[in-house]
Amino acid sequence: MSIARSASSLQLARETRERFVLATGSVIVPLAQAIRDRLTKQASEIGSARAMQESRDDFVAFQGQATQWVSLAQASWRKSVNAPGASAGAPSTGGLRLELIGDDVMESNILSSRLAQAIQEKASFELSDLRLRIQHLEGTTEFDANDVLRPETLSKLLVDQWLAAGLSRTLWARVQETVQQHLVGVVVKAYEDANAFLVSKGVMQEIDLKNFVRRTGASGGGPATVPGSPYAGGGSAQAPGAASRHGSDASPQTRGLAPSVPLATTGGSPLLLARQRAQTALLSLKRFVAARIGAADMQSTMSSSPQSVAGMDGHAVAGSGVSGGGTAPAASNTFAAVIADAEAAYRMAATQYMQNPGDQATMLQQASVDLRRRSAEIKKRAPTTADKATVEIVALMFQAILAEERIPFSARVWFARLQMPVLRVAIAEPEFFGTLQHPARMLIDRMGSCVMGFDAAAISGSALEGEIRRVVQVIEQYPETGQRVFKLVFDEFVAFLGRYLTQSDTTQRVMSVAQQVEQKETMAIQYTIELRKMLNDMPVRDEIREFLFKVWAEVLAIAALRYGAQGEQTVMLKRVASELVWAASAKPNRADRARVIQDLPQLLQRLRLGMNLLGIIDEPQEAHIKTIGATLSDAFLSKTEAIPAAKIEAMAERLAHLEDFVSDEGGASNLPLDANSIELLLGVDAASIEVVPDTAGSVVAEDMLEWAHELQVGNWFMLDHNDRVSQVQFVWRSDRKQLHLFASADGRSFLIQVGRLANYLQAGLLVPAEEETLTVRATREALAKLDANPERLLN
């Protein structure tokens, strides 16, 4: 429903949309150029005759229609601001729309949904905050299906205009990765800017849901809704592999009942395929429920909550399923109280299970039976079939989690205490069933992925168990905040893992050294670049150039790390570079030659000091000194023009402030990591560290690099390195994401460079210990039980 709002509020909401459209529309032209570049590159690659012909055809097709696509997309996007969905108080299309659609429409929707998912993955919480602020301005409770602020709107428009320009769906599928790479960041930034703009105008500067959440349970522990929440009847804010609520029920039949935006199921990288398999499990569950309880109730259970009753204005929330009269709110309040009472009772019982000594298997059995009994009681008192289905599905999921023997006993009991809070969220925010990125799922999955690699002895009484206990208790204390409390404790748990997994002295030492190596090598590369710029127009012998680029840049990087960029030793070594350039230049002047002879012993001594710092000693050092000496001797006989003193002074000044010209960008991908670098910085033998550097000349696939960058700290893997398979936990990633540290239970550490890590993932030498997350596996097991006994869903 919509509440009357002032003209100024509505105008501010419209201005926000206009700014968003302007910001995102600017990417269409560079996006077309990126696609053109991609197709040009593909057309020039050597492959099979058929592949080469297809690449040429793609290039020709896009070249002919690209301009029209850009024009159509820009014009349509500008007009979209004035579409009904962007107007305050526009009528909502409701939740899940079932309609008869054909193959062409369905395939187009699949393409656009993939792009929307990529945007939602990166912008989930920015979009959630923006949704709350816009709904606050407009007095509405959800975005219209065609609102320009929804990721699905822009995605569908780009695909539709692509087809309108005469380009094929097949060609879109081939360039969709390029589209995502260039579009997603721009859209995410536009969401961030929109939020910043509204905050600057004083709109909800701090989003604290506790200030305006109405709890529906008399006992204070029942489900809650947040007016304008993305999970309280509005659009979704989901991420990897998560389909929109308006589009996650695509039918596999050629023609049939299907939503307007079906789930993408096309192929892709292993990371994407894993997400799609997980999303398929959620999709299968939704189809099963729809077939058993009917489309009307399906719309309630998977789209908007019948329990989402009151907003801060006291009116019923649109899409809540609450009709006239007072029966439905009363039933909702009663049901909320039932859940709250069951939660409190089980909390006390779980405490007793953990305090009483005895056989753990028996206690787990008691805990499971207790939960099942309480779930059955809740289900009997559920006011709608949608609620009954939700209770049953959540109960089956937690049965599967409790039966997971790889989770230590003490952790499983704490996991069990999350069943009632998750049930409350699943009823109030049914997107829990439709997205892999709901904070409640993310929290359970992350905690599960960590504890399944430890044995019971390692968990019991540990800081990790204590943190899990704290997380559960915080969630229990704030039942009225819905998914927000799950998001809060998820972020806190991730931060905790970063500390917990790296707390040992050995790991801290490895991390410190690895970070220094990365920083040193990156600085050395940047120093080399700057030295090349300085010497670009100077008549400097090749031998001196090579020494400065390959040796002295490393010396300066090591010195900057050890003594600081402006430390006395570092400043002296920087000055040596300019002195060497001057000494090796032509010396037609007798006074200059006398000065070189006088300063030479000190210059050579400083050069030796620098090389000692780098670990170049004995014969290698003497070889460098000999080359430099020969070059200086030649300079005495050279008749060429000398380097002006002003240039040498300018070089010395730039070297003194070299860090001002060095950035963290670029060059890091060429990080020459090796065991010697580690040992040099440690000062001791690094035998406990397995250094796995990038291999020269190896090609790294982009999708594998993406996978490597998205590995989550705390997850367990099986690593096959040098014919030895080890179970390892991912414990740390360096600031520049170039180095990744894995730790095994026997105390060994594996420091793997990002390119090699991507290659290991591609070759199957590093594989996740668990093929799918805890909640996805629990969903599959719940669905298997429902398939075997469909009557249990509602009985």
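## Close-up views of a predicted model

**Overview. Contacts far along the sequence dominate the fold of this predicted model.** Counting contacts in the protein chain between residues at least 6 apart in sequence, 76% link residues at least 24 apart. The chain holds 26 helices and ten strands. Of its 795 residues, 54% are buried. Its accessible surface is about 33,200 Å², and carbon and sulfur atoms account for 51% of that area.

**View 1. Confidence along the chain, with two low-scoring stretches.** The protein chain has a mean pLDDT of 75. A pLDDT of 70 or more is reached by 73% of its residues. Residues 84-102 fall below 50, yet this stretch has 54 contacts in the model beyond near neighbours in sequence. Residues 299-329 also stay under 50. For that stretch the model has 77 contacts beyond four places in sequence. Where pLDDT is low, predicted coordinates should not be read in detail.

**View 2. The largest nonpolar core and a second, separate one.** The largest nonpolar core has 100 residues. Which members touch the most others? They are Ile378, Leu443, Leu464, Phe493, Phe742 and Leu766. Helix H10 (residues 385-402) is the main contributor, giving ten residues to this core. The second core is separate and has 52 residues, among them Ala118, Ile134, Val148 and Ala190. In soluble globular proteins, nonpolar side chains tend to be buried together.

**View 3. Strand S9 with its partners S5 and S8.** Strand S9 spans residues 749-753, and five of its five residues are buried. Ser749, Leu751 and Gln753 point one way from S9. Phe750 and Ile752 point the other way. In a regular strand the side chains alternate between the two faces of the sheet. Strand S5 (residues 689-692) runs parallel to S9, joined by four bridges. Val692 stands opposite Ile752 in this pairing. Strand S8 (residues 739-744) runs antiparallel to S9, over five bridges. Here Leu741 has Leu751 as its bridge partner. The S8 and S9 hairpin has four residues between the strands. One of its residues, Gly747, takes a positive phi near 95 degrees.

**View 4. Strand S6 with its partners S7 and S10.** S6 covers residues 716-721 and S7 covers residues 724-733. The two strands run antiparallel and share six bridges. His721 stands opposite Arg724 of S7. S6 also pairs with strand S10 (residues 766-768), again antiparallel, through three bridges. Phe717 has Pro768 of S10 as its bridge partner.

**View 5. The S6-S7 turn at Asn722.** Two residues lie between the strands of this hairpin. Asn722 is found in the loop between S6 and S7. What backbone feature marks Asn722? Its phi is positive, about 55 degrees, although Asn722 is not a glycine. Asn722 counts as exposed, with 62% relative accessibility.

**View 6. Asp618 and its backbone in helix H21.** Asp618 lies in helix H21, which spans residues 618-637. Asp618 has a positive phi of about 55 degrees and is not a glycine. Is Asp618 buried or exposed? Asp618 counts as exposed because its relative accessibility is 58%, above the 50% cut-off.

**View 7. Asn195 in helix H6 and its contact with Arg133.** Helix H6 spans residues 169-200 and includes Asn195. Asn195 counts as buried because its relative accessible area is 5%, under the 20% cut-off. The side chains of Asn195 and Arg133 make a polar contact of 2.6 Å. Leaving aside residues up to four places away in sequence, Asn195 touches Glu126, Asp129, Leu130 and Arg133.

**View 8. Lys286 of helix H7, with Phe433.** Helix H7 spans residues 270-302 and includes Lys286. Lys286 is buried, with a relative accessible area of 3%. Lys286 and Phe433 are 147 residues apart along the chain. Their C-alpha atoms are separated by 7.7 Å.

Terms used: Residues are numbered from 1 along each chain as its sequence is written. This is a predicted model: local features need pLDDT of at least 70, side-chain atom pairs count only at pLDDT 80 or more; totals for chains, interfaces and linings use all residues. Side-chain values use heavy atoms; hydrogens and water are left out. Buried means under 20% relative accessible area, exposed over 50%, partly exposed in between (1.4 Å probe, protein chains only). Contact means heavy atoms within 4.5 Å. Accessible areas come from the Shrake-Rupley method with a 1.4 Å probe; for residues, only the protein chains shown count as cover. Two strands pair if DSSP finds at least two bridges between them. A polar contact is a pair of N or O atoms within 3.5 Å; within protein, one must be able to donate a hydrogen and the other to accept it, and residues adjacent in sequence count only if both atoms are side-chain atoms. pLDDT is the predictor's confidence in each residue, from 0 to 100. A nonpolar core is a set of buried Ala, Val, Leu, Ile, Met, Phe, Trp, Tyr and Cys residues joined through side-chain atoms within 4.5 Å.
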